[in-house]
Amino acid sequence: MNKLTVSPSPHVHSGDSVKKNMYGVLIALLPALFTSLYYFGIGALIVTITSIVSCVLFEYLIQKYLLKKDPSVTDGSAILTGLLLAFNLPSNAPIAIIIIGALVAMGIGKMAFGGLGNNPFNPALVGRVFLLISFPVQMTSWPTPIASRLAYTDAVTGATPLGVIKEGLAKGDIMSDLLTKIPSFSDMFYGNMGGSAGEIAAIALLIGFIYLLMKRIITWHIPVSVIGTIFIFTGILHLANPNIYISPVFHILTGGVMLGAIFMATDYVTSPMSRKGMIVFGVGIGVITVAIRVFGAYPEGLSFAILIMNGFVPLIDKYIKPKRFGELIKPAKA
Amino acid sequence: MLKTFSLGGIHPDENKLSADAPIEVLPVPETVAIPISQHIGAPAEPIVKKGDRVKVGQLIAKPSGFVSSYIHSSVSGTVDKIDELIDVSGYKRKAIIIKTEDDEWEETIDRSPDLITEIPATPEEIIKMIQEAGIVGLGGATFPAHIKLSPPPGKNCDILIINGVECEPYLTSDHRVMLEKGNEIMVGVQILMKALKVNNAIIGIENNKPDAIKHMITLASKYSGIVIEPLKVQYPQGGEKQLIDACIKRQVPSGKLPIEVGAVVQNVGTALAVYEAVQKKKPLIERVVTVTGKSVKKPCNLMVRLGTPVSALIEAAGGIPEDTEKIIGGGPMMGKALSTPDIPITKGSSGILLMPKKIATRKPVQNCIRCSKCVSVCPMGLSPYLLMTLAEKAIWDRAEDEAIMDCIECGSCSYTCPSSRPLLDYIRLGKSKVGQIMRSRTK
């Protein structure tokens, strides 16, 4: 007999791993990837591949040559960041810009803090917002769906529904006129509208959400509180004055709310640890998103909202703790 | 909907390989090594010396403090020596080593198989008999049973809860005891109820033992005040606080004992031992032990004399498999890895689990990805990721504030962690440090 191993309990493990979770999220993103390829064709393909390859490559190079650690690219987190970054870019984004975005996402967003698990902000969003501020023109020209399937940077572009409404209202247009210029709700639901490569089809993202819930990779708390808050907040505004404030259904179907709420805000590393904390976090994201969309300068505010709330996570975790055993039921005196 | 506890929990693979193996009596070994510390509390004090002749059931060590226990010889023969040897804790501790000759029992012990249901003893007499029979919690915690039966002044017990949960994967000793000694358990429960002066008892059994539930329900109908509660399979339901929560929806406050909410919990094996002690005058000298593992030839449940070396049990189960990497005393979640198979079986040994290398080896530790799974599975509502960090960085005051002492060491956090972080290892370290600090404060 060999020498016995002596180690403390537990002696068994669930078999769960970082890899399983990361690849689980990637699988959940497949429906959205397919819709993005369906509507934006070759452009979406180029953007996705460029983004994933550069994120993985940057993580590998930084770990190997800068941090001199064993590269951990196989855990899938860099692929995930790459895919999410691609989903947040227009499908006509130039390759050079994507590579810069990937470098910022991986280098500044993730590795500068010590790699997976240590980054306070969602790396893909750090990359995206950096690009949005640095290259506002390229980052806000949106290829029209289906028509631009065979085009890349030469695609015909238009505004996103959110952009149409925001600009129209700023110019003093009447809401009923503006509504005729945007796609129908069912088109939006199935993804037939201008927007970032992966954010358009609510249905595909919701299928991914169901998969994540079934695999117990995430819980419902963050997505439901983000979407719910946006819906209720914009719903109240809409009821107060439908001539200025558009329907809440429009708000939750546009501007990557589904993508952000289900896949970006739920990023393990940058979200709170307790259920209650997750709800506070989600409500915060919803409120900031609506505030930026309705009262701010940008037509879309979810990325900023998530990054701002990422910053509050340590505070949320400090003050909002899970309920302890013994606090739930008051001891019944015998 | 079956009842279960309200916070956290996991459901590991059950692997109850030996569930259908009837209890077999393991032959009395040539020598036994009976440790004087088989219970929580002060070690017992030997009252025999080298060369003494002892009978089965004869007292060989007596308690040396309030929380301590009597210890009896499990064989007849001659005391060979009193020596230090490695026990389940991994440390060398004192044990009485007896060379077996014949199998001569104390005359007072009733060895007939007849069931005696009449309970003539008074509550005080029962508690005394339980104490003198050396009965401790047989679920694994080994807390002396008579102390739980004597609530401190001002505290009142209104319900007895019997633990037939056996939530640890692999283990089946309680399951078999319920199937084969059900009547004795019922009388044992009645005795415990009488001792506690309560009219109600609940036996909690997890739903993965439908045969035991059915059998016990049939038996319980013949006894007054005993209810069988089938529970949803959820680890760690066998934890005292979890079981009380699951059965009667009362939560024991932090740092308090079950009596705080009017409950006393005893294991089914303990109820059987109580029956034998009170009705048959038989002290605790043997117990049922599951011998199991994925590569074990013949997973089984054995009735074993205390002090028998683990190696004898493994022999009876078909020998040590080639691929054995770990021998665990107890279950895979809370059991202790043994350093050698020569360790003796003690009052708290519920199982021997032989683990092959591919299950027993831990995976490399990765960064915490803050997935919050440890938080959601913690049955005490703690934040294991945070407790680990605080213990790692030696921030004891914050660890105390975060209720590190509430941890019941069930291991659900380490089991679940996708990054294979040794959460419980660090929490244990933290608990021992914080415990020291707290004790030094009251001095």
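Let's start with chain A, which the domain assignment splits into domain 1 (18–137) and domain 2 (158–319). Keep in mind that this is a predicted model. Taken over C-alpha atoms, the centres of domain 1 and domain 2 of chain A are 21 Å apart. Where these two meet, domain 1 of chain A puts in 33 residues and domain 2 of chain A puts in 29 residues. On the domain 1 side, the elements that give two or more residues are helix 1, helix 2 (77–87) and helix 4 (123–134) of chain A. Helix 1 of chain A has the largest share there, with 17 residues. As for chemistry, that side of domain 1 of chain A divides into 22 nonpolar, 10 polar and 1 charged.

Step back from helix 1 of chain A, and you come to Pro10(A), in the segment before that helix. The peptide bond from Ser9(A) to Pro10(A) is cis, with omega near -5 degrees. Most peptide bonds are trans. Chain B has a cis bond to look at too, joining Tyr235(B) and Pro236(B), with omega about -5 degrees. To find Pro236(B), follow the loop between strand 11 (226–231) and helix 6 (240–248) of chain B.

While we're in chain B, look at how it is divided. Its domain assignment gives domain 1 as 1–26 + 107–361 and domain 2 as 373–442. The centres of these domains of chain B, again over C-alpha atoms, are separated by 27 Å. Contact between them involves 14 residues of domain 1 of chain B and 16 residues of domain 2 of chain B. The domain 1 side of that contact in chain B has 8 nonpolar residues, 6 polar and no charged.

Now for a sheet in chain B. Here 6 strands make an open sheet with mixed pairing, in the order 1-14-13-17-15-16. At the edges sit strand 1 (23–25) and strand 16 (336–338) of chain B, each pairing on one side only. Ignoring direction, neighbouring strands of this sheet are turned by 30 degrees against each other on average. Helix 3 (residues 173–180) of chain B packs on the sheet, and its contacts are with strand 1, strand 13 (286–292), strand 14 (300–305) and strand 17 (351–356) of chain B. The direction of helix 3 makes about 125 degrees with that of strand 13 of chain B. Over at the strand 16 edge, strand 15 (residues 324–329) of chain B pairs with strand 16 of chain B in the antiparallel sense, over 3 bridges. Look there for Ile328(B), which stands opposite Ala337(B) in strand 16 of chain B.

Strand 15 also matters for finding your way to the other chain. In total, 62 residues of chain B are in contact with 37 residues of chain A. On the chain B side, strand 15, strand 16, helix 9 (357–360), helix 13 and helix 14 (423–442) each supply at least two residues. The largest share comes from strand 15 of chain B, with 5 residues. This side of chain B is made up of 29 nonpolar, 19 polar and 14 charged residues.

What about the inside? The largest nonpolar core has 229 residues, and among those with the most contacts inside it are Ile130(B), Leu160(B), Val189(B) and Leu313(B). Helix 1 (residues 18–66) of chain A gives the most to this core, with 16 residues. Pick Val189(B) as a place to look around: beyond its neighbours within four places in sequence, Val189(B) contacts Leu160(B), Ile162(B), Ala201(B), Ile226(B) and Ala271(B). There is also a second, separate core of 8 residues, including Trp142(A), Ala159(A), Leu162(A) and Ile246(A).

Finish with two backbone oddities in chain B. Most residues other than glycine have a negative phi. Ala394(B), though, has a positive phi near 55 degrees, and it lies in the loop between helix 11 (384–392) and helix 12 (396–401) of chain B. Ala394(B) counts as exposed because just 10 other C-beta atoms lie within 10 Å, and the cut-off for exposed is 12 or fewer. Glu409(B) has a positive phi as well, near 60 degrees, in the loop between helix 12 and helix 13 (412–416) of chain B. Glu409(B) has 18 C-beta neighbours inside 10 Å, so it counts as partly exposed.

Note on methods: Residues numbered from 1 in each chain as written. Chains lettered and ligands numbered in written order. Predicted model: local features only at pLDDT ≥ 70, side-chain atom pairs only at ≥ 80, totals over all residues. Pairing = 2+ DSSP bridges. Helix = DSSP H or I, 4+ residues; strand = E, 2+ residues; numbered from the N terminus. Axes fitted to C-alpha atoms, helices over the stretch in contact; angles between N-to-C directions. Contact = placed C-beta atoms within 7 Å. Core = buried A, V, L, I, M, F, W, Y, C linked by C-beta atoms within 7 Å. Buried ≥ 20, exposed ≤ 12 C-beta atoms within 10 Å, placed from the backbone. Domains from an automatic or database assignment. Nonpolar A, V, L, I, M, F, W, Y, C, P; charged D, E, K, R; others polar.
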